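Work through the exercises below with the sequence and the coordinates at hand. Each task is followed by a solution in steps.

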Amino acid sequence: MTGVVLVTGGSGYIAGFTIRQLIEQGWTVRATIRNLNREAEVRDWLKVDNDRLSFFAADLTSDAGWAEAMAGCSHVVHMASPVPMHAVKDENEVIVPARDGALRALRFARDAGVTRLVMTSSVAASFYGRAAGKEVFTEADWTDVAASGVSAYAKSKTIAERAARDWIAAEGGSLEFVTVNPGLVLGPLLGTDFSPSLEVVKRVLEGAYPALPDLGLNLVDVRDVADLHVRALSAPDISGERFMAVAPHGFLRLIEIAAILRERLPDHAGKVPTRRMPNWVMRIVALFDPAVRQLIGELGKVRHAEPTHAMDKLGWRPRPAADSVVDTAESLIAMGVSKV
Ligand code: NAP
């Protein structure tokens, strides 16, 4: 099945791969960007059939442009959301655009007669603020935004997804709603202005730290996340569902990411750290560094999800996380971003 699909946040990393796959599969794609001045740059890195891609200006924080972008669309992929590079001073800088932008996308989609909206949420809407010791998370879990230590980003994704689901129940009419909830997204770069999520591999590869903190992440490949969005647009009988977008057994600690790089890219792994940083050292560094302070609660924690639901229901087959780690590093090297 194909149609006319609007992808919000068309300048984003995951959006780029999703737009490519949609066009390859015969969809006509519209993409929103905040400022049409960026259209040529985005087209340049997407390298797709330009005749089936058009751009519209729309911001999460304003109604301007949304009706024009949605007019005539059969489907929407709502991906735009703030992805902060650093800790923010006021969490509402992230939460308000994420929540209000999701509600705006839904309202304009319903009014335009869109049949299904797929929203990019996150595992961050499930993984945080729960009892100590809980390690396995599924689509049934929700982050408790009232718990201490939950980041502004995790709050923004949880609040936006919950608000969207409440709105659909109350006012959605016949509009179908599905979420894709990715882990940390890795994979090839689209351009040298790359997603913050690739920083993890970049820093390990470049030996940014003398030793690696005891932190782990659920990884997934950008090409598989794009594929899951495309499947979620057209699969029958999935209205209201959530799909964890993570690689199978894809929870890897930094020290495991380092070992993969050493084993599979030995000629480029000279700077990859071999040692784990003791947690007490991290706690001392955290006294002076607010970015490290944010991570202290995560030391030694396991937060693990599996892609079972998307595999069973949508036939999704995500690649192993180790392959994505290697592809990310190879792309960082090939693009001249990491000189190792
Ligand atoms: P990204 O490259 O930073 O893309 C974010 C997109 O949102 C950009 O196109 C950005 O536009 C747009 N955006 C941000 N604030 C906006 C606003 N006020 N109005 C309009 N557009 C706005 O990050 P990404 O990784 O591709 O993220 C895409 C989606 O996936 C997000 O919803 C993110 O939460 C979710 N996600 C990402 C990961 C990950 O590891 N990367 C994991 C789980 C979920 P500009 O280019 O103009 O800033």
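The structure is a predicted model.

**Exercise 1. Classify the aromatic pair formed by Tyr-13 and Phe-17, and place both residues in the fold.**

Solution.

Step 1. The ring centres of Tyr-13 and Phe-17 are 5.6 Å apart, and a pair requires centres within 6.5 Å.

Step 2. The planes of the two rings make an angle of 80 degrees. Angles over 60 degrees count as edge-to-face, so Tyr-13 and Phe-17 form an edge-to-face pair.

Step 3. Helix α1 (residues 13-24) holds both Tyr-13 and Phe-17, with a spacing of four residues, about one turn of the helix.

Step 4. Tyr-13 has a relative accessible area of 10% and Phe-17 one of 6%. Buried means under 20%, so Tyr-13 is buried and Phe-17 is buried.

Step 5. Phe-17 also has a charged neighbour: the charged end of Arg-20 sits over its ring, 5.3 Å from the centre.

**Exercise 2. Classify the pair Phe-127 and Phe-137, and describe the surroundings of its two rings.**

Solution.

Step 1. The centres of the rings of Phe-127 and Phe-137 are 4.9 Å apart, and the planes meet at 40 degrees. An angle under 30 degrees would count as stacked and one over 60 as edge-to-face, so this pair is tilted.

Step 2. Both Phe-127 and Phe-137 lie in the loop between β5 (116-120) and α5 (152-171), so the pair ties together parts that are ten residues apart in sequence.

Step 3. Phe-127 is buried at a relative accessible area of 3%, and Phe-137 is buried at 2%.

Step 4. Tyr-128 joins Phe-127 and Phe-137 in one aromatic cluster. The count for the model comes to three aromatic pairs.

Step 5. Over the ring of Phe-137 sits the charged end of Lys-134, 4.9 Å from the ring centre.

Step 6. On the backbone side, the nitrogen of Phe-127 lies 3.2 Å from a polar side-chain atom of Thr-143. Thr-143 is placed in the loop between β5 and α5 and is buried, with a relative accessible area of 3%.

**Exercise 3. Which residues are closest to the ligand, and which polar atoms of Ser-11, Gly-12 and Ser-81 lie by its oxygen atoms?**

Solution.

Step 1. The ligand is surrounded by 26 residues, and the closest are Ser-11, Arg-34, Met-79, Tyr-153 and Lys-157.

Step 2. By class, that shell contains twelve nonpolar, ten polar and four charged residues. Elements α1, α5 and β7 (184-186) each contribute at least two residues to the shell.

Step 3. For Ser-11, an N or O atom of the side chain is 2.6 Å from an oxygen atom of the ligand. For Gly-12, a backbone N or O atom is 3.2 Å from a ligand oxygen. For Ser-81, a polar backbone atom is 3.3 Å from a ligand oxygen.

Step 4. The ligand on its own has 890 Å² of accessible area, and the protein covers 86% of this.

**Exercise 4. Locate Asp-237 and His-249, and comment on their phi values.**

Solution.

Step 1. Most residues other than glycine have a negative phi.

Step 2. Asp-237 has a positive phi, near 55 degrees. Asp-237 is in the loop between α7 (222-234) and β9 (242-245), and its relative accessible area of 69% makes it exposed.

Step 3. His-249 also has a positive phi, near 50 degrees. His-249 is in the loop between β9 and β10 (251-253) and is exposed at 65%.

**Exercise 5. Set separation along the chain against separation in space for Pro-236 with Lys-313 and for Leu-217 with Glu-39.**

Solution.

Step 1. Pro-236 and Lys-313 are 77 residues apart along the chain, and their C-alpha atoms are separated by 9.8 Å. Pro-236 belongs to the loop between α7 and β9 and is exposed, at 60% relative accessibility.

Step 2. Leu-217 and Glu-39 are 178 residues apart in sequence, with 33 Å from C-alpha to C-alpha. Leu-217 lies in strand β8 (residues 216-221).

Step 3. The relative accessibility of Leu-217 is 26%. Partly exposed covers the range between under 20% and over 50%, so Leu-217 is partly exposed.

Note on methods. Residues numbered from 1 in each chain as written. Predicted model: local features only at pLDDT ≥ 70, side-chain atom pairs only at ≥ 80, totals over all residues. Heavy atoms only, no water. Phe/Tyr/Trp six-rings, centres within 6.5 Å; stacked < 30°, edge-to-face > 60°. Buried < 20%, exposed > 50% of the residue type's maximum accessible area, 1.4 Å probe, protein only. Lys NZ or Arg CZ within 6 Å of the ring centre and 35° of its normal. Near = heavy atom within 4 Å. Polar contact = N/O pair within 3.5 Å; in protein donor to acceptor, adjacent residues only side chain to side chain. Areas by Shrake-Rupley, 256 points an atom, 1.4 Å probe, with all protein chains shown as cover. Nonpolar A, V, L, I, M, F, W, Y, C, P; charged D, E, K, R; others polar.
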